[in-house]
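Student: Could you take me through a single helix of this model up close, and tell me what packs around it? I'd like the cut-offs spelled out as we go.

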Amino acid sequence: MAAFLQRDTVTNTRLSQSHPIDGLLSSYDYMLPQERIAQTPLPERDGSRLLVVDSPTHHTHGIFRDLPKLLRPGDLLVLNNTRVIPARLYGYKSTGAPVEVLLLEERSDNCWLALVKPGRRLKPGAKIFFEPQPPGTPSPTTPPLGNGGTPPLPLLSATVLARDEATSGRLLQFDLPPEDSLAALLVQYGQVPLPPYITDTQALPEQYQTVYAQVPGAIAAPTAGLHFTPELLAQCRQQGIQQASVTLHVGIGTFRPVEVEDITHHAMHGEWLEVPQSTVEMIRETKASGGRVIAVGTTVVRALEGAAASGELQPFAGKTELFIYPGYQWRVVDGLITNFHLPRSSLLMLVSALIGRQRLLALYQEAIAQNYRFYSFGDAMLILPDAREPKMIC
């Protein structure tokens, strides 16, 4: 089954259930000292700190490897098995001017929607030339030039077909030899993209992948899952904590900024997801036996709640534009493992829908005061089902 899920305008706009101020973008702001933004992951993935929110009024501080003791036998962890692709490419125009490309999604055979810098001068018909990037090389600021100041013979090129109004990106048609695939060439030409707030890192590409990443397609990691190790996952299974997988290819919809003061007018960009029959069955069995569904990351939340947009969780493969903010009526997810998110972001609004905006911002202030590390390579928060606002439990 393939479809495109629209925004849940019935249940997702009932801000009257919360406070009207919850509908204002400025209500999701907070000040974060620059030094609290983690630039490099810890040597041990499960050694990150964990802010445990266990009731509407109480929280504790722990370590991520404590997770098996914090959950119950019969609970179900749902993981996002997407894998980040080397989606950032560096090239140059025929004039030698440098170009940076971030692939977003494949629209047709070797035709990709991409963000391009600088894009203003790349009109339809313009060509971009790429060269292989050695692993671990810094981002080039000038194009490589051959003898006489002319670019060397390129091995990969793309033609600008059109401008995409929804993203301000470009549709790029890649020119490939018949025997080659772009997916294979990206290993040589591309780099794993890191968020723009990571400016000075010692991270290796594999440190920006979960240990259970399997399905290539994301342009950013589902970062709540970066804390897991194979040993920790095994310990969870030994404690009777089951595991299931979904796929949501993290795209521009996850990190695109909210730019309207009335957040109900924000439109999410669609992201592709798949919730298989096996995961649906495990969720139904978990709930029937009194267990709890714990989403590992906001992308899992979007996948599960998106697949339940009709009112009941069903197997699903397609795109979702679901935007979750206070007033949302939960259908599947009971608890959440999540990292700390940027101010004014749709992810901050999603977590606010689970425990309340004021409570969440107070917890963020506590985390700042306790010197937690923030964002993709930072520490984590566990929101247990008992911590949810009673009125938000369906």
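**A close look at helix α5**

Tutor: Let's start with the inward-facing residues: in α5, T279, V280, I283 and T286 are buried, where buried means under 20% relative accessible area, exposed means over 50% and partly exposed lies in between (1.4 Å probe, protein chains only). Before going on, bear in mind that this is a predicted model, in which local features need pLDDT of at least 70, side-chain atom pairs count only at pLDDT 80 or more, and totals for chains, interfaces and linings use all residues. Residues are numbered from 1 along each chain as its sequence is written, and side-chain values use heavy atoms, with hydrogens and water left out.

Those four buried residues cover an arc of only 125° around the axis, which puts them on the same side of α5; the arc is that of the directions from the helix axis to the C-beta atoms. The general background is that an α-helix has 3.6 residues a turn, so residues three or four places apart point the same way. On the other side of α5, E285 and A288 are exposed.

How does the length of α5 work out? Its 12 residues should span 16 Å at 1.5 Å a residue, and the end C-alpha atoms are indeed 16 Å apart, so the two agree. The expected span here is 1.5 Å times one less than the number of residues. As for naming, helices (H or I, at least four residues) and strands (E, at least two) are DSSP runs, numbered from the N terminus.

Now for what sits over the buried side. The cover on the buried residues of α5 includes the strands β4 (76-80), β13 (242-248), β14 (271-275) and β15 (293-296), along with helix α6 (298-307).

Zoom in on T279, which belongs to α5 (residues 277-288). T279 has a relative accessible area of 2%, so it counts as buried. Leaving out residues up to four places away in sequence, T279 touches A244, S245 and V246, a contact being heavy atoms within 4.5 Å.

After α5 comes G290, and its phi is positive, near 90°.

One more residue is worth a look, G335 in strand β17 (residues 335-339). G335 is buried because its relative accessibility is 0%. Again not counting residues up to four places away in sequence, G335 touches V293, I294, A295, I383 and P385. G335 and P385 are 50 residues apart along the chain, yet their C-alpha atoms are separated by 4.8 Å.
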